[in-house]
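Here's a quick tour of one model, a stop at a time. Have the coordinates open and follow along.

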Amino acid sequence: MRTTSNLRGLATALLVWGASHTAMAAEYNLYLKCGGQLTASGKSKAAQLELALRDSNNMALIQRSNVLPVGERLRYTPTPVAYTMLYKLRQPGTHYHEDWARGHWVVWQPNLKRLATIRLSIDRQDGSLDGQLLDFNDDLIGTVRMDCDVVDPDELPPPKF
């Protein structure tokens, strides 16, 4: 009797585990492949970006890019006209020191010319992407202009690993 109960519990656990892994594999519902130009300091370079968008929590994952940080998640807002995204990166190298004599915090940021904010807008009608890259002072570092196409995830090659 106890063995049957344990087997039912194990079977239930396996079903729940299998369902959760199936849900994880299908958690993104729109895949975009974008290509265009990044312009910064008067110079341009070819730029590519692949995004996976999830409607359940309005999250976009940077899957592949030569200009934006891969693996970062951006929250997006869908409208009938566009997907708009804003992402603020953490300030690397920021150190906080308390000034005991005066009783307040001193902030030291050694590199203020690093990417801090990504603003993107993807037109849902023609697939054009316009973006701004800002530093920690909200000064413009560069602009991004790309054209995006929907990619069918079933047509992508299977992963090697």
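## Starting at glutamine 37

Let's begin with glutamine 37, which sits in strand β1. This is a predicted model, so keep that in mind throughout. Glutamine 37 has a relative accessible area of 38%, so it counts as partly exposed.

What does glutamine 37 touch, once neighbours within four places in sequence are set aside? Its contacts are Ser44, Lys45, Ala46, Ala47, Thr143, Val144 and Arg145. Methionine 146 is worth a look too: it is 109 residues away from glutamine 37 along the chain, yet their C-alpha atoms are separated by 6.3 Å.

## The barrel and its pairings

Now zoom out. The strands form a closed barrel of 8, in the order β1-β2-β3-β4-β5-β8-β9-β10, and the pairing is antiparallel. On average, neighbouring strands of this sheet are turned by 30° against each other, with direction ignored.

Strand β1 pairs with β2 through 11 bridges, the two running antiparallel. Within that pairing, leucine 38 stands opposite lysine 45 in β2. The β1 and β2 hairpin has 2 residues between its strands, and serine 41 takes a positive phi there, near 55°. Strand β1 also runs antiparallel to β10, joined by 10 bridges. Here lysine 33 has aspartate 149 of β10 as its bridge partner. Further round, β3 and β4 (residues 73-78) are antiparallel as well, with 3 bridges between them. One of the pairs to click on is alanine 60 with leucine 74 in β4.

## One disulfide

How many disulfides does the model contain? The count comes to 1. The partners are cysteine 34 and cysteine 148, with their sulfur atoms 2.1 Å apart. Cysteine 34 belongs to strand β1 (residues 30-40) and cysteine 148 to strand β10 (residues 140-151), so the pair links distant parts of the chain, 114 residues apart. For context, a disulfide is a covalent bond between the sulfur atoms of two cysteines.

The link between cysteine 34 and cysteine 148 is right-handed, with 105° about the S-S bond. Are these two cysteines buried or exposed? Both cysteine 34 and cysteine 148 are buried.

## Salt bridges

The structure holds 4 salt bridges, and three of them are worth a stop here. In one, glutamate 50 meets arginine 64, and the closest N and O atoms are 3.4 Å apart. Because glutamate 50 lies in strand β2 (residues 43-54) and arginine 64 in strand β3, the pair ties together parts that are 14 residues apart in sequence. Glutamate 50 is buried, at 15% relative accessible area, whereas arginine 64 counts as partly exposed at 49%.

Another links the side chains of aspartate 138 and lysine 88, at 3.9 Å from N to O. Aspartate 138 lies in the loop between β9 (128-134) and β10, while lysine 88 is in strand β5 (residues 82-88), so this salt bridge ties together parts 50 residues apart in sequence. Aspartate 138 has a relative accessible area of 42% and is partly exposed.

Then there is aspartate 130 with arginine 145, whose closest N and O atoms are 3.0 Å apart. Aspartate 130 is in strand β9 and arginine 145 in strand β10, so the pair ties together parts that are 15 residues apart in sequence. Aspartate 130 comes out partly exposed, with 37% relative accessible area. Arginine 145 may ring a bell, being one of the contacts of glutamine 37.

## Last stop: serine 65

Finish in strand β3 (residues 59-65), where you'll find serine 65. Why does serine 65 count as buried? Its relative accessibility is 12%, and the cut-off for buried is under 20%.

Which backbone atoms does the serine 65 side chain reach? It reaches the backbone oxygen of glutamine 48 at 2.9 Å, and the backbone nitrogen of leucine 68 at 3.0 Å. Not counting residues up to four places away in sequence, serine 65 touches Gln48, Leu49 and Val70. Glutamine 48 therefore turns up both as a polar partner of the serine 65 side chain and among the residues that serine 65 touches.

Definitions and conventions
Residues are numbered from 1 along each chain as its sequence is written. This is a predicted model: local features need pLDDT of at least 70, side-chain atom pairs count only at pLDDT 80 or more; totals for chains, interfaces and linings use all residues. Side-chain values use heavy atoms; hydrogens and water are left out. Helices (H or I, at least four residues) and strands (E, at least two) are DSSP runs, numbered from the N terminus. Buried means under 20% relative accessible area, exposed over 50%, partly exposed in between (1.4 Å probe, protein chains only). A polar contact is a pair of N or O atoms within 3.5 Å; within protein, one must be able to donate a hydrogen and the other to accept it, and residues adjacent in sequence count only if both atoms are side-chain atoms. Contact means heavy atoms within 4.5 Å. Two strands pair if DSSP finds at least two bridges between them. Axes are lines fitted to C-alpha atoms, for helices over the stretch in contact, and angles run from 0 to 180 degrees between N-to-C directions. A disulfide is a pair of cysteine sulfur atoms within 2.5 Å.
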